[in-house]
Amino acid sequence: MSSLNSVQLIGNVGKDPDIRTLNNGNRVASFSLALSDSWRDKATGEKKERTEWANVVVFNDGLVKVIESYVSKGDKLYIQGALQTRKWEKDGVERYTTEVVLQAFGGKLILLGGKPQQSGDDFRSDYADGFSRRGGGGGHSDDGRGHSGTKDHYDLNDDIPFATPFGLR
């Protein structure tokens, strides 16, 4: 039987991404993603919140360019990648870290907010197949049915009128 290694996360960037160049000339971006969950305590009615942190590493050069240009601390992102665990030794002790990795194939990044777009910019860029920008205003959208899509336009005859990821448009 096969297995599936796919992770989808929505969260806020914890600090400005770190962009490095490897010995082979390829560039890599890394950042942490805050994944917050909030709820009301049934006993006290008090609002509670818990934050998990995910380390994200991007090896896709196109996505690295997008991250370098458009992603900064606090931005909300949707990412899709795979889990990878690295092992290293420090002071004679073996250490491990598990990261969400976006490789050249299969990695996706969607900016869900952040810096506003300038009118006319097309953020479905030539940088990378796995990148798109949602939110921020401006720009042009084509919903694939030959006419420009707007936030309030939905074809109610569609089999799945809510097929836009997470209802974002």
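The secondary structure of the protein, taken here from a predicted model, consists of 1 helix and 8 strands. Read from the N terminus, the order of these elements is β-β-β-β-α-β-β-β-β. Of the 169 residues in the protein, 31% are buried. Among contacts with a separation of 6 or more, 50% join residues that are 24 or more positions apart. The accessible surface of the protein amounts to about 11,500 Å², and carbon and sulfur atoms account for 46% of this area.

A good place to begin a tour of the interior is the largest nonpolar core, which contains 21 residues. Within this core, the residues with the most contacts are L9, F31, L33, V56, V58, L77 and I79. At least two core residues come from each of β1 (7–13), β3 (27–40), β4 (47–58), α1 (61–70), β5 (76–90), β6 (93–102) and β7 (108–111). V56 offers a closer view of this packing: leaving aside residues up to four places away in sequence, V56 touches A29, S30, F31, L33, I79, V100 and L102.

Attention turns next to the helix. In α1, the buried residues are G62, L63, V64, V66 and I67. Just ahead of them in the sequence comes the loop between β4 and α1, where N60 is found. N60 caps the N-terminal end of α1, with a side-chain oxygen placed 2.9 Å from the backbone nitrogen of G62. A polar atom of the N60 side chain also lies 3.4 Å from the backbone oxygen of A104. With a relative accessible area of 9%, N60 falls under the 20% limit and therefore counts as buried.

S36 provides a second polar site to look at, this one in strand β3. The relative accessible area of S36 is 48%, so this residue is classed as partly exposed, a category that lies between 20% and 50%. Not counting residues up to four places away in sequence, S36 touches E49, R50 and T51. With T51, the contact includes a polar one between the two side chains, at 3.1 Å. S36 can also be placed relative to N12: the two residues are 24 positions apart in sequence, and their C-alpha atoms are 8.6 Å apart in space.

Taken side by side, the two polar residues can be summarised briefly. N60 is buried and caps α1 at its N-terminal end, whereas S36 is partly exposed and makes its side-chain polar contact with T51.

Key
Residues are numbered from 1 along each chain as its sequence is written. This is a predicted model: local features need pLDDT of at least 70, side-chain atom pairs count only at pLDDT 80 or more; totals for chains, interfaces and linings use all residues. Side-chain values use heavy atoms; hydrogens and water are left out. Helices (H or I, at least four residues) and strands (E, at least two) are DSSP runs, numbered from the N terminus. Buried means under 20% relative accessible area, exposed over 50%, partly exposed in between (1.4 Å probe, protein chains only). Contact means heavy atoms within 4.5 Å. Accessible areas come from the Shrake-Rupley method with a 1.4 Å probe; for residues, only the protein chains shown count as cover. A nonpolar core is a set of buried Ala, Val, Leu, Ile, Met, Phe, Trp, Tyr and Cys residues joined through side-chain atoms within 4.5 Å. A polar contact is a pair of N or O atoms within 3.5 Å; within protein, one must be able to donate a hydrogen and the other to accept it, and residues adjacent in sequence count only if both atoms are side-chain atoms.
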